[in-house]
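I opened this notebook to record what I looked up in the model. The entries below take aromatic rings, helix packing and single residues in turn.

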Amino acid sequence: MLPHQPHDHSSDHLEQGSKDELHPLLRKITENLKLIGIVIGAIVLVAAGYSGFTVFKQRQIAAAQNELGQILTQENPEQAAQAMADFLPQAPSFMRQGVRLEMARLSMEAEDYAQAQNAWQGLLDSTPSGDPLHTVATFGLAKTQRLQDQPENALQTLEGLRGDIAEPYRQFLLTELAATAEAAQEWQTAIATYKTLRDAQDTR
């Protein structure tokens, strides 16, 4: 029989110590892996959601463009203008200015000046004052007001352009101001504006 070998308790202590040190490390690695997994999962979900949102928006835009194309093929300007008015609330934001402009044009063509006025006013309210479209909308609004026998309102609308009108539009503004002042029986304004127009032509 082999003699009994004494058990080395020191090796037990070393092994136990190694396990005690290893467990917190393993726990930390596991926790980190879980955290990384959660973060990656969140990124994937966000990316998938964004991709789905992009596809949804693309489909919306395609549907809106298709509907707009169908409206523009209508031959009756009154019906087309009304279709534009119905389409406007659901139109993508980047289309709305064009829709308002086309609605105003069609309404003018159909001689529906009340609807044209609403379209011009909407365009005016949603366009910065320095934008050329703001100037065009002001002229359009004043014209519809004058055509609805509201020359005083039209004159007030045009007067708002005097201060910051761009040079290419100045002569047209003065012409419209003079005619509108005359229609409103604002004789002094009409005469003064006609004089300004004449002086401007004399200096050319």
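I call a residue buried under 20% relative accessible area, exposed over 50%, and partly exposed in between (1.4 Å probe, protein chains only). The model is predicted: I took local features at pLDDT of at least 70 and side-chain atom pairs at pLDDT 80 or more, while totals for chains, interfaces and linings use all residues. Residues are numbered from 1 along each chain as its sequence is written, and side-chain values use heavy atoms, without hydrogens and water.

**Entry 1: aromatic rings**

I first looked for ring pairs. Rings of Phe, Tyr and Trp (its six-membered ring) pair if their centres lie within 6.5 Å; planes under 30 degrees apart are stacked, over 60 edge-to-face, and the rest tilted. I noted two aromatic pairs by this rule. In one of them, the ring centres of Phe 139 and Tyr 169 lie 6.5 Å apart with the planes at 45°, so I recorded this pair as tilted. It joins distant parts of the chain, as Phe 139 belongs to helix α5 (residues 132-147) and Tyr 169 to helix α7 (residues 167-183), 30 residues apart. I took helices as DSSP runs (H or I, at least four residues) and strands likewise (E, at least two), numbered from the N terminus.

I then checked accessibility. Phe 139 has a relative accessible area of 10% and is buried, whereas Tyr 169, at 26%, is partly exposed.

Phe 139 also pairs with Phe 172, edge-to-face, at 4.7 Å centre to centre and 85° between the planes. This pair again links α5, which holds Phe 139, to α7, which holds Phe 172, across 33 residues. Phe 172 is partly exposed, with a relative accessible area of 43%. I therefore entered Phe 139, Tyr 169 and Phe 172 as one aromatic cluster.

**Entry 2: packing of α5 and α6**

How do the axes of α5 and α6 cross? The axes of α5 and helix α6 (residues 151-159) come within 7 Å and cross at roughly 165°. I used lines fitted to C-alpha atoms, for helices over the stretch in contact, with angles from 0 to 180 degrees between N-to-C directions. The two helices α5 and α6 are therefore roughly antiparallel; under 35 degrees counts as roughly parallel, over 145 as roughly antiparallel, 65 to 115 as roughly perpendicular, and the rest as oblique.

I next listed the contacts, meaning heavy atoms within 4.5 Å. From α5, Thr 138, Phe 139, Leu 141, Ala 142, Gln 145 and Arg 146 meet Pro 151, Asn 153, Ala 154, Thr 157 and Leu 158 of α6.

**Entry 3: single residues**

I looked up Thr 157 in helix α6. Thr 157 is buried, at 16% relative accessibility. Leaving out residues up to four places away in sequence, Thr 157 touches Thr 138, Leu 141, Ala 142 and Gln 145. The C-alpha atoms of Thr 157 and Thr 138 are 6.8 Å apart, with these positions 19 residues apart in sequence numbering.

Asn 153 also has its place in helix α6. Asn 153 is partly exposed, with a relative accessible area of 36%. Its C-alpha atom is separated by 9.5 Å from that of Thr 180, 27 residues apart along the chain.

I closed with Gln 115, which sits in helix α4 (residues 113-125). Gln 115 counts as buried, at 15% relative accessibility. Beyond residues up to four places away in sequence, Gln 115 touches Ala 81, Gln 82, Ala 85 and Ser 107.
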